[in-house]
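Me: Take a close look at how the charged side chains are arranged here, please. Start with one local pairing and work outwards, keeping it informal.

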Amino acid sequence: AGRPVLSNYIVVSLGTNDPPTEVEAFRRDVARVLALVGPNRCVVWATIWRNERPSDAFNEVLRDAAKANRRVSLVEWAEMVEQTPALLAPDRLHGSEDGYRERARQVAAAVERCAPAQSVTPA
């Protein structure tokens with residue numbers, strides 16, 4: 001059996017558990033994900049909230065990727081949580097039921113905004 005066929009829409013939520021000082025390693029990981037999904041798929045990636053604040057360095061990596069690639073759309077989870085702390089569960093780490101519901105709405109909106117196979121920024 002071969003590799004599974006990927007959807008035109010890839011939703012990613014990675015980086016929260018990476019060592020916070022490993023910014024360049026995270027940058028390489030983001031590049032690797034984009035290389036693996038190829039140029040004709042939309043990638044929706046949630047920004048990172050951890051340790052009761054946005055992960056600024058990692059989120060900058062994600063914003064750089066989104067600026068460089070129209071196929072990358074960010075769900076601003078860190079900003080959402082900063083503006084509405086009730087989106088987090090009592091552990092202040094994971095989303096609350098309402099938080100995950102709103103995050104899912106934002107993922108769906110990001111998917112709707114992206115048109116696969118026509119989204120790669122020309123060189």
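Reply: Asp-98 and Arg-101 sit three residues apart in helix H4, which means that about one helical turn separates them. This is a predicted model, so read every distance below as a property of the prediction. The two side chains form a salt bridge, with 2.9 Å between the closest N and O atoms. That falls inside the 4 Å cut-off for a salt bridge, so the pair counts. Arg-101 has a relative accessible area of 37%, so this residue is classed as partly exposed. For a sense of where Arg-101 lies, try Arg-53 as a landmark: the two are 48 residues apart along the chain, and their C-alpha atoms are separated by 20 Å.

How many salt bridges does the structure hold? Six, and another one worth zooming in on is in helix H1. There, Arg-27 meets Glu-24 at 3.3 Å, N to O. Both residues belong to helix H1 (residues 23-37), and they are three residues apart, about one turn of the helix. Arg-27 comes out at 32% relative accessibility and therefore counts as partly exposed. Glu-24 gets the label partly exposed too, at 46%.

Arg-27 has another partner. Asp-64 also makes a salt bridge with Arg-27, and the closest N and O atoms are 3.3 Å apart. This pair links distant parts of the chain, since Asp-64 is in helix H2 and Arg-27 is in helix H1, 37 residues apart. Asp-64 has a relative accessible area of 30%, so it is partly exposed. Put the pieces together and you get a network of salt bridges that links Glu-24, Arg-27 and Asp-64. In general, side chains of opposite charge can pair when their charged atoms come close.

Now for charges that don't get a partner. Where does the negative charge gather on the surface? Asp-56, Glu-60, Glu-79 and Glu-82 make up a negative patch there. Patch members must have no salt bridge, so none of the four is in the pairings above. Two helices build the patch: helix H2 (56-68) and helix H3 (77-83) each supply at least two of its residues. Helix H2, then, has a hand in the patch as well as holding Asp-64 of the network. Glu-79 is the one to click on in helix H3. At 41% relative accessibility it is partly exposed, and a patch residue needs over 30%, so Glu-79 passes.

Stay around helix H3 for a moment and look at Ala-78. The C-alpha atoms of Ala-78 and Pro-54 are separated by 5.3 Å, with their positions 24 residues apart along the chain. Pro-54 is in strand S4. Is Pro-54 buried or exposed? Its relative accessibility is 17%, so it counts as buried.

Just before strand S4 comes a bit of backbone that deserves a look. Asn-51 sits in the loop between strand S3 (49-50) and strand S4 (53-54), and Glu-52 is found in that loop as well. Most residues other than glycine have a negative phi. Asn-51 has a positive one, near 55°, and so does Glu-52, at about 65°. Asn-51 is exposed, because its relative accessible area is 54%. Glu-52 has 57% and is therefore exposed too.

Last stop, back by helix H4, is a covalent link. A disulfide joins Cys-42 to Cys-114, S to S 1.8 Å. Here too the pair ties together distant parts of the chain: Cys-42 is in strand S2 (residues 42-46) and Cys-114 is in the segment after helix H4 (97-113), 72 residues apart. The torsion about the S-S bond is about -90°, which means the disulfide is left-handed. Both cysteines are buried, whereas Arg-101, in helix H4 itself, is partly exposed.

Terms used
Residues numbered from 1 in each chain as written. Predicted model: local features only at pLDDT ≥ 70, side-chain atom pairs only at ≥ 80, totals over all residues. Heavy atoms only, no water. Patch = residues over 30% accessible without salt bridge, like charges linked within 9 Å, V, L, I, M, F, W, Y side chains within 5 Å. Areas by Shrake-Rupley, 256 points an atom, 1.4 Å probe, with all protein chains shown as cover. Lys, Arg positive; Asp, Glu negative; His and termini not counted. Charge placed at Lys NZ, Arg CZ, Asp CG, Glu CD. Helix = DSSP H or I, 4+ residues; strand = E, 2+ residues; numbered from the N terminus. Buried < 20%, exposed > 50% of the residue type's maximum accessible area, 1.4 Å probe, protein only. Disulfide = S-S within 2.5 Å.
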